[in-house]
Amino acid sequence: MSPRAIILDCDPGQDDAVAILLALASPEELELIAITTVAGNVPLVRTSANARRVVDFAGGDVPVYAGAAKPLLRPLATAEHVHGATGLDGSELPPPRRPLAPGHASRAIVDLVRARPPKSVTLVATGPLTNVALALALAPDLGERLEAIVLMGGAIGLGNVTPAAEFNMFVDPHAAAMVFTAGVPIVMFPLDVTWQVRVTAERLARIAAIGTPLARAVAGMLAFYRGRGTREDAPRGALHDPCTIAWLVEPRLFSGRPCAVEVETASPTALGRTLVDWFGVTDRPPNATVMREADADGFFALLEKRLARLGGG
Ligand code: BDR
Ligand code: CA
């Protein structure tokens, strides 16, 4: 089977960075045709530099396009308290060498998808959905041309930025609402599943023990990331974003089911809440496959194996 073509829209972010690396290290399963960046964990200049720092260090050859600097309607909210001032604190990666690819990320998504046969490109989104919503608005044919959108965001239960909402959905709820009503097949990785995939001291030591410059950089950034969090009992060190890529590489690591999902855009207290009809109690038809269970040991076994392929430096 030929590898599945993907575009990765992201806001690196340590966990986004690991998603990029896992994709780069999995050429048998995935052809990473482009990375597009959005403002989220840190402002756009930083996420755009960080994506290039990661690709450069891994020796990858993927164009990086910068996209939206702010959400559609709301002011930008960032997460330096989780990711550090640079967004990749702890990694010590050098500044980027490659320039940004010319043009806006949303335009690039449309053009790259149109250049391929229908239903042959999957869009993976691991940040706020601003670029994805803009691309869908730019090109009414995009929805039917995409194979799927695989995204990290939302929650069946508790949020992580408000009691109701997960960060990516909260930052741009209007974009998220557009994406969930676009009619594209969606595979959703909410907090309920990504919180199961956490960096422990043991897992961190195994990554560091790979011993390559790249593995040391990853161990450094994950050690930083794992130490951040609001409270002692809050789930820390969850590798949210790489769950999307790991599922594309090894689908048996996750399970879930089709559900109707709505994004709250009106309530001031529940802004960005994803209402997941897990038990099918409404008559709304499913618009997403919602993942709920992860094989965390299997995930880390895959990650270690794949990271060891990239020397880095
Ligand atoms: C999501 O928000 C960001 O902090 C992470 O990169 C991830 O995409 C988790 O809520
Ligand atoms: Ca992210």
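**Loops, ligand 1 and calcium**

Trainee: Where is glycine 13 found?
Mentor: In the loop between strand 1 (4–10) and helix 1. Keep in mind that this is a predicted model.

Trainee: What is the peptide bond from proline 12 to glycine 13, cis or trans?
Mentor: Cis, with omega near -10°. Most peptide bonds are trans.

Trainee: Switching loops. Where does glutamate 92 lie?
Mentor: Glutamate 92 is in the loop between helix 3 (80–83) and helix 4 (105–114).

Trainee: And its phi, positive or negative?
Mentor: Positive, near 55°, and glutamate 92 is not a glycine. Most residues other than glycine have a negative phi.

Trainee: On to ligand 1. Which pocket does ligand 1 take?
Mentor: The space it takes is the largest pocket.

Trainee: Which elements give two or more residues to the shell around ligand 1?
Mentor: Helix 1 (14–24) and helix 7 (167–171). The residues around ligand 1 include Asp15, Asp16, Phe167 and Asn168. Others among them are Asn41, His83, Met152 and His240.

Trainee: How does that shell split by class?
Mentor: 2 nonpolar, 6 polar and 4 charged residues.

Trainee: Which polar side-chain atom lies 2.5 Å from an oxygen of ligand 1?
Mentor: One from glutamate 166. An N or O atom in the side chain of asparagine 168 is 3.0 Å from a ligand 1 oxygen. Threonine 126 uses a polar backbone atom, 3.1 Å from an oxygen of ligand 1.

Trainee: How much of ligand 1 does the protein cover?
Mentor: 96% of the 280 Å² of accessible area that ligand 1 has on its own.

Trainee: Now the metal. What are the protein donors of the calcium ion, ligand 2?
Mentor: Asp11 (OD), Asp16 (OD) twice, Thr126 (O) and Asp241 (OD). They lie 2.2 to 2.6 Å from the calcium ion.

Trainee: How are the donor residues spaced in sequence?
Mentor: D-x4-D-x109-T-x114-D.

Trainee: Why does the pair of threonine 126 and aspartate 241 tie together parts that are apart in sequence?
Mentor: Because they lie in separate loops, 115 residues apart in sequence. Threonine 126 is between strand 4 (121–125) and helix 5 (130–138). Aspartate 241 is between helix 11 (213–226) and helix 12 (242–249).

Conventions
Residues numbered from 1 in each chain as written. Chains lettered and ligands numbered in written order. Predicted model: local features only at pLDDT ≥ 70, side-chain atom pairs only at ≥ 80, totals over all residues. Heavy atoms only, no water. Near = heavy atom within 4 Å. Polar contact = N/O pair within 3.5 Å; in protein donor to acceptor, adjacent residues only side chain to side chain. Areas by Shrake-Rupley, 256 points an atom, 1.4 Å probe, with all protein chains shown as cover. 1 Å grid on protein atoms, 1.4 Å probe; cavity = no way out; pocket = protein on both sides within 12 Å on 5 of 7 lines; lining within 4 Å. Sits in = over half its atoms within 2 Å of the grid points. Helix = DSSP H or I, 4+ residues; strand = E, 2+ residues; numbered from the N terminus. Nonpolar A, V, L, I, M, F, W, Y, C, P; charged D, E, K, R; others polar. Donors = N, O, S within 2.8 Å, 3.2 Å for Na, K, Ca; no water.
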